[in-house]
Amino acid sequence: MFNLPEVAANAPLASWWLDSPVSPDWPCHNFWAHWAIFGFGIAFGVLGIVILFIWFERRFIAPMQLRIGPNRCGPFGILQPVADALKVMMKEDIVPALADKTVHFLAPILIFVPVLLMFAVIPFQNGVGLIPDLNVGLLFIVAVGAIETVAVFMAGYGSNNKYSLLGAMRSVAMMVSYEMPMALAVVAVVMVSGTLSMQGIVMAQSVPFALLLPMSFIFYFTCALAELQRTPFDLLEAESEIIAGYHIEYSGMKFAMFYLGEYAGAIIQSAIIVTLFLSGWKGPILPPFIWFFIKLFAVFGVIVWFRATWPRVRIDQLMGFAWKYMLPLSLVNLLIVAIEIIFWDPVQWWLVPVNIVITGVLLALWTGMFKLRGGSEVDA
Amino acid sequence: MMLKPAGFGLMQGLLVVLKNMTRKRITEQYPEERLIVSRRTRAQELVWDRDRCTGCATCVKACPQGNIKIETSIGPNNKYVVEKFENDEGRCIFCGLCVEACPYEALFFGRSYERSQYQRKALVADIDEMTSPKKEKSAYYRPDLYDSLPEQTLLIYRKHKRIL
């Protein structure tokens, strides 16, 4: 599939720089042209999709609340996010007098860059992407995704505000807790597909892993909601209750960077869910690129649907849910998947209904045992 | 129900929200579509009837703001002719006491709520403006007018023309 000598002849650096950086079916086989095109393409593409996502969320959540949503700027209000961006850029950038200026300045950058980096390994089509076939792609995503925790804490600490610091500490606690079941859910996918490369994982999905590994899918989705700090896990920036959590002291363009990072995070998590569990670019009739984006918007639509529906959880429910409910169940899930792989490798199609039944039974049983003090239960 | 803790309540909630999407939207798209206000509305203007007014100045005495100015002269048949009748709508509190006080039912509330102006001076309604035929009379304290006015539209009963 990949012709190493040809790439090495075109770009001698490529042979030692990365294992297989150039997609074979892309017209530019030139190493640097590939990086330039995909680097700029992804950076600007992400900004464009962020605008689309903001518009999509506002237009999609409106009918659920019997509203219309933005419809004044441009056709169907599609230029509303542009107007918002212009407004936010014209606002004054206030830095608190006693803030740690360097940290305060770096945090908004550091929250956006890892999200952008994660797009490098996403295959938008068969072999199309910056480095879609990176042999440690999933590890890269998990590792780079963890940097965001640091950025959140930097934002809270650098503001020199006790509320933002408390918000950041809660945020960090949540993100660290939810990274664990998230990684375990991903491990199940890796075990079935036998590869860490995102491209390879898509190729391995003859059946979407959402059906084959339903519990991993549910857990990954839940953890992605927590990582994104969206409903029902948005208690740290609960817009109707407290102000903003860790980015309370940010205004102007720096605040816009947090906003951007949040939505870019929504895109990347949707893209990861699509790649890992919904068989990526695969689909009938339509071109694969279109399929990828249809699935991307479908996953984000579900996230918005959750936001319109569910109340947010308390902090103790949040932590209890991660450690007492999802972590043990992920381990059980991993055990089941391992057993299935040992006995029926490659995985058989009839495991799909079996796994769905197992997931339903396990979730119901475990919820029965899962209790929190304070008189209320948390459920999946 | 035993399965309730397993997330069934959450799923029911999702379905409820999905059903909501099929309902009519209640947002009013203001400049394009306007609701008809209540027949007895106290809107932000006064309407004055020149023929009924005798220039008795009861409304001036009733006004808690001292806001209504009236100047009269003696005309034919020894009757008052109103020369100046002014109400500064920037100071008016729209309490309706003048309308209630008028013994000849010459003063009415208007029905228009779009009365904003760029200059304070423009808010002073003089005699020409208050008798302008464009102004609609409200049925506030004037029950005779009640049946002649259109029925109020409520958002829930509105025939919805969808503006997207």
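## Two helices and a loop residue in chain A

User: Hello! Which helices should I look at to begin with?

Analyst: In this predicted model, look at α5(A) and helix α12 (residues 252–277) of chain A, whose axes come within 8 Å and cross at roughly 25°.

User: Why are α5(A) and α12(A) called roughly parallel to each other?

Analyst: Angles under 35 degrees count as roughly parallel. The axes of α5(A) and α12(A) cross at roughly 25°, so these two helices are roughly parallel. The crossing of α5(A) past α12(A) is left-handed.

User: Which residues in α5(A) meet residues in α12(A)?

Analyst: From α5(A), they include Ile109(A), Phe112(A) and Leu116(A), and among their counterparts in α12(A) are Met257(A), Phe258(A) and Ile268(A). The residues of this contact comprise twelve nonpolar, two polar and one charged.

User: Where is Asp93(A)?

Analyst: You will find Asp93(A) in the loop between α4 (80–90) and α5 (101–118) of chain A.

User: What makes Asp93(A) exposed?

Analyst: A residue is exposed if 12 or fewer other C-beta atoms lie within 10 Å of its own. Asp93(A) has 12 such atoms, so Asp93(A) is exposed.

User: What is Asp93(A) in contact with, leaving aside its neighbours within four places in sequence?

Analyst: Its partners there are Ser251(A), Gly252(A), Met253(A) and Lys254(A). Lys254(A) also appears among the α12(A) residues that meet α5(A).

User: And how many helices and strands has chain A?

Analyst: Chain A has 15 helices and zero strands. Of its 380 residues, 44% are buried.

Conventions. Residues are numbered from 1 along each chain as its sequence is written. Chains are lettered from A and ligands numbered from 1 in the order in which they are written. This is a predicted model: local features need pLDDT of at least 70, side-chain atom pairs count only at pLDDT 80 or more; totals for chains, interfaces and linings use all residues. Helices (H or I, at least four residues) and strands (E, at least two) are DSSP runs, numbered from the N terminus. A residue is buried if 20 or more other C-beta atoms lie within 10 Å of its own, exposed if 12 or fewer, and partly exposed in between; C-beta atoms are placed from the backbone. Two residues are in contact if their C-beta atoms, placed from the backbone, lie within 7 Å. Axes are lines fitted to C-alpha atoms, for helices over the stretch in contact, and angles run from 0 to 180 degrees between N-to-C directions. Angles under 35 degrees count as roughly parallel, over 145 as roughly antiparallel, 65 to 115 as roughly perpendicular and the rest as oblique. A crossing is left-handed if the near helix is turned anticlockwise from the far one by less than a right angle, and right-handed if clockwise. Ala, Val, Leu, Ile, Met, Phe, Trp, Tyr, Cys and Pro count as nonpolar, Asp, Glu, Lys and Arg as charged, and the others, Gly among them, as polar.
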